[in-house]
Amino acid sequence: AFSDAYFGEGTGSIWLDDVSCYGTESTLLSCSHNGLGVHNCEHYEDAGVYCEVCIQGNVRLVDGSVANKGRVEICNSGTWGTVCDDGWSANDAQVVCRQLGYSTTNSVAFSNAYFGEGTGSIWLDDVSCNGTESTLLSCSHNGLG
């Protein structure tokens, strides 16, 4: 955890103060705090965090114009790599969106390196999801790596 506006001071409202978490809570609002908008802080005290994102099986979207669009990459052995688009479909897109916490309604599958070619390893190929899986690795594929 970082304190004292390590990543820069924010602007606008301060919503949480005196936050105390055990680390097992699923949301920040589940932690103990003074109440939304109740604080005695200034922005020079803004909190920050660093989260490890390349955890085995995590997915991310890269090189899109907004956070919810981009080339699909998956983490394997601590390294990000791409997913080949052989057989890539809307069902596969739904699973990626679900895994990232986005709505699955109107998910769109892009192919042919629409967001540019990735670099490094191609970790997954021949992915086939039915659309209800919770993670991309739960779908049928020809093996990771």
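Start by selecting Cys 54 and Cys 75 and showing their side chains: the torsion about their S-S bond is about 95°, so this disulfide is right-handed. Cys 54 sits in the segment before E1 and Cys 75 in strand E2 (residues 71-76), so the pair ties together parts that are 21 residues apart in sequence. The two sulfurs are 2.2 Å from each other, and both Cys 54 and Cys 75 are buried. Keep in mind as you click around that this is a predicted model.

**The other disulfides**

There are three disulfides in the structure, so you have some more sulfur to look at. A quick reminder: a disulfide is a covalent bond between the sulfur atoms of two cysteines.

Next, pick Cys 21 and Cys 31, whose sulfurs lie 1.9 Å apart in a disulfide. The torsion about that S-S bond is about 110°, so the link is right-handed. Each of the two cysteines is in the segment before E1, so the bond ties together parts that are ten residues apart in sequence. Try a surface view here: Cys 21 counts as partly exposed at 38% relative accessibility, while Cys 31 is buried at 6%.

Now jump to Cys 129 and Cys 139, bonded with a sulfur-to-sulfur distance of 2.0 Å. Here too the link is right-handed, with 105° about the S-S bond. You'll find Cys 129 and Cys 139 in the segment after E4, so this pair ties together parts that are ten residues apart in sequence. Cys 129 and Cys 139 are both buried.

What pattern do the disulfides of the protein chain follow? Count the bonded cysteines along the chain and you get 1-2, 3-4, 5-6.

**Two cysteines without a partner**

Select Cys 84. Which cysteine sulfur is closest to the sulfur of Cys 84? That would be the one in Cys 129, but at 14 Å the gap is too far for a bond. Cys 84 is partly exposed, with a relative accessible area of 21%.

Then move to Cys 97. For the sulfur of Cys 97, the closest cysteine sulfur is again in Cys 129, 11 Å away and too far for a bond. Is Cys 97 buried or exposed? Cys 97 is buried, its relative accessible area being 15%.

**Val 62 and its contacts**

Zoom in on Val 62, which belongs to strand E1 (residues 59-62). With 17% relative accessibility, Val 62 counts as buried, because buried means under 20%. Leaving aside residues up to four places away in sequence, Val 62 touches Gly 70, Arg 71, Glu 73 and Phe 115. If you want a distance to check, draw one from the C-alpha of Val 62 to that of Thr 82: these two are 20 residues apart along the chain and 9.9 Å apart in space.

**Two backbone oddities**

Most residues other than glycine have a negative phi. Select Ala 113 for an exception: its phi is positive, about 50°, although it is not a glycine. Ala 113 is in the loop between helix H1 (90-99) and strand E4 (122-124), and at 40% relative accessibility it counts as partly exposed.

Asp 126 also has a positive phi, about 55°, without being a glycine. Look for Asp 126 in the segment after E4; at 39% relative accessibility it counts as partly exposed.

**Last stop: a nonpolar patch**

Finish by selecting Trp 15, Leu 29 and Leu 36, which make a nonpolar surface patch of about 360 Å². Of these, Leu 36 lies in the segment before E1 and counts as exposed at 55% relative accessibility.

Definitions and conventions. Residues are numbered from 1 along each chain as its sequence is written. This is a predicted model: local features need pLDDT of at least 70, side-chain atom pairs count only at pLDDT 80 or more; totals for chains, interfaces and linings use all residues. Side-chain values use heavy atoms; hydrogens and water are left out. Helices (H or I, at least four residues) and strands (E, at least two) are DSSP runs, numbered from the N terminus. Buried means under 20% relative accessible area, exposed over 50%, partly exposed in between (1.4 Å probe, protein chains only). Contact means heavy atoms within 4.5 Å. Patches are made of residues with over 30% relative accessible area and no salt bridge: like charges are joined within 9 Å, nonpolar side chains (Val, Leu, Ile, Met, Phe, Trp, Tyr) within 5 Å. Accessible areas come from the Shrake-Rupley method with a 1.4 Å probe; for residues, only the protein chains shown count as cover. A salt bridge is a side-chain nitrogen of Lys or Arg within 4 Å of a carboxyl oxygen of Asp or Glu. A disulfide is a pair of cysteine sulfur atoms within 2.5 Å.
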